[in-house]
Amino acid sequence: MDPLENNHSVTRNQDIVGLSIHSTLDILVVTSYLLLVLFFGLWMGISTFSANIGSGHYMGLAGMGATSGIAVGALEWNTICMFYILGWIFVPIYNKAEVVTLPEYLGKRFGSLRIQLFSTFFSLVVYIFSRISMEISFGAMFLKMVWDTDIYQTMLVLLTVTGIYTITGGLATVAYVETLQAGIMLLGSVLLTIYAFREVGGYQGLVKKYLHAIPSRTQQGNWTAKPQCYMPRWDAFHIFRSFGSGDIPWPGLILGATAVSLFYGCADQVSVQRFLAGKSRLDMQGGCLLCGYLKLLPMFLMVMPGMVSRILFPDQVACAVPSECQKYCGGRSSCSALAYPVLVIGVMPSGLKGFMLSTLCASIMSSLSSVFNSSSALFTLNIYTWIRPLATEKELMIAGRFFVIILLSITIVWIPTIEMVSSEALFEYMQVLKSCLTPSVAAVFLLAVFCKRVNEQGAFWGLVLGTAIGAFRLLAEFFYGPSPCEGGRACPTLICGLHYLYFGFFLFLVTLLTTLAISLATKPISDVHLHGLCWSLRNSQQRRVTLGKEMRWKIFPSSTFQQGMFGETNTCFWKFWDLFCGLDAQAKTKIGPENTTEEKRKATWEQMGSSDTSISLEILARRMATRKSKEHQEKMKDWSDIPESPFWKRVVDASGILLFALLIFVHVYYA
């Protein structure tokens, strides 16, 4: 061998033996990748936390804390367990199903248009009467007290700003803005908590003084308030309370609250939508865990400051005499909803009060923008495509933005109406609404994922029965009003006697058993239609055969596009509209074919071999949807195809174990 060639060989061998990366550029590239993965996980987790924390949480949790202690904070901890189920079970199934909205999953799982539409309308009703109502009511109350201005104009400005960036930016803009707002919310809450605890001498001062936080006036003339109306609960610092006399009984916390949390954690479009957009399985699971860590905080940043507020301002927060309550909050029995704004005004210095006002504005805007964005997706992809199955992508985007405008209009109309409702009664009403409506939907989703024997008939009639029973109880609660602290409720015991958390679990069981019973008595769905849609077939490599829609609707069978219907011209107005809506004027991607003439449609029908023009449009739509689905499957990668970093997998696993340990610790400590 040539000596020169031998020297080169030795040099190369030495380079291989000492193989390592010492280049600064290479290290920066690897570090940037790891930070990017971390960013997406943090972005999803913080954005989801911000979407679920609104003014109702600040004022509602603080008010409940002032009234009865820390047990209400355990409801937030209950949701943490659901994030484990969401990240490790539900979202991977949703990803396999290749869905954008959760009603789409039910439609694919059961091959049922009626279930898909039912769950869509259900979600929209819950959003309007629960999330939007609560945000407007508590937000208006806070702004009215802290910022002495016209509430209608203030809320109109907030709603306008929220609507503009929701309409123009979509989910990405909403998520990024919510991440910023979450930082503001957390910083403001931490500052207020520090100032509040300093006023009472720390946590030990809170424990000692809370049980003695009694208003100075408990009687008026010959009338005297009952002790249970103004005395702090003896079990205020315990989360597990008597199953019979507790305001949040421990069986209800474990069973009923879990059924509600299952819906809001795993079957709610607002909560799940961001995780469906995860870049990989690890990103999604990391986001779930981060959101779980943040869910530990409301107990200490909202509930306990509310208790401090009762110590510092007992005459206002814990008022018992009707005339006093009327003076402070306009109610007759309690002003506990004032706990948070009173604390902000009383303990925060000038300058930071404005920051806390920004904190609440951020919570209102983040919560409402999430509802608007998710509602728009539900309407566009489940209802509008049912009405117009051949809608182009541009038409769908415009329809979604118009639906946000409609929601904004409804919200503005609600402002003066909700402002007249007692905030104390509203918060209790929201808790009852969740327990009356959501457990039935949670039961159907649970069975859809874990029990492949459940079919369309069982799921639909179980959902209908559970929703009907819950709606009946809810209407009775709304008609008779909340239970007064003195007792003697007007609602019949047979209807309202069962605690709302117990009732929620009862509803969950009724829906579960009804669905199983009807499913076992009817024909099952073949496995060929369920590959990747349920837990037992999640790893199946076989191609799934789409289950045909059971109900074939003939809504607007002859509706067709007309050229220029949605601004296909090049006028300045439509160019500005495209820019405002974030639409690419050159984009030609379509959900379905855009036939502009009757001749083209007839030619298409003839090629399909159909002589019945009343159903040809539907058949065409279904075939185009099938073709689109196949193209989508070819382009879309499943998360299982994306390589996972061993380092970040260990980080996620360790974080999950640590969060679970913390969850057990706080439950044991405050039991």
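Contact here means heavy atoms within 4.5 Å, and the model in these close-ups is a predicted one.

**View 1. Helix α4 against helix α9.** Here's where α4 (residues 73–97) and α9 (residues 250–266) come together, with axes that get within 8 Å and cross at roughly 45°. That angle makes α4 oblique to α9, and the crossing is right-handed. On the α4 side, the residues in contact are Ala74, Leu75, Asn78, Thr79, Met82, Ile85, Leu86, Phe90 and Tyr94. Facing them from α9 are Leu253, Ala257, Thr258, Ser261, Leu262, Gly265 and Cys266. Sort this α4–α9 contact by class and you get 11 nonpolar residues, 5 polar ones and no charged ones.

**View 2. Asp247 and Arg233 in the loop between β2 and α9.** Now for some charge: the structure holds 13 salt bridges, and one of them pairs the side chains of Asp247 and Arg233, at 3.7 Å from N to O. Both residues sit in the loop between β2 (223–224) and α9, so the bridge ties together parts that are 14 residues apart in sequence. Asp247 is partly exposed at 23% relative accessible area, and Arg233 counts as partly exposed too, at 22%. There's also a wider network to look for, as salt bridges with shared partners link Arg233, Asp235, Arg241 and Asp247.

**View 3. Lys452 and Asp527, a bridge from loop to loop.** In this pair, the closest N and O atoms are 3.0 Å apart. Lys452 belongs to the loop between α18 (423–450) and α19 (456–480), while Asp527 belongs to the one between α21 (500–521) and α22 (572–581), so the salt bridge connects parts 75 residues apart in sequence. Lys452 is partly exposed, with a relative accessible area of 32%. Asp527 is partly exposed as well, at 31%.

**View 4. Lys649 and Asp653 within helix α25.** This salt bridge stays inside one helix, α25 (residues 646–669), where its partners are 4 residues apart and therefore separated by about one helical turn. The Lys649 and Asp653 side chains meet at 3.4 Å, N to O. Lys649 has a relative accessible area of 38%, which makes it partly exposed. Asp653, at 33%, is partly exposed too.

Technical notes:
Residues numbered from 1 in each chain as written. Predicted model: local features only at pLDDT ≥ 70, side-chain atom pairs only at ≥ 80, totals over all residues. Heavy atoms only, no water. Axes fitted to C-alpha atoms, helices over the stretch in contact; angles between N-to-C directions. Helix = DSSP H or I, 4+ residues; strand = E, 2+ residues; numbered from the N terminus. Parallel < 35°, antiparallel > 145°, perpendicular 65-115°, else oblique. Left-handed = near helix turned anticlockwise from the far one by under 90°. Nonpolar A, V, L, I, M, F, W, Y, C, P; charged D, E, K, R; others polar. Salt bridge = Lys/Arg side-chain N within 4 Å of Asp/Glu carboxyl O. Buried < 20%, exposed > 50% of the residue type's maximum accessible area, 1.4 Å probe, protein only.
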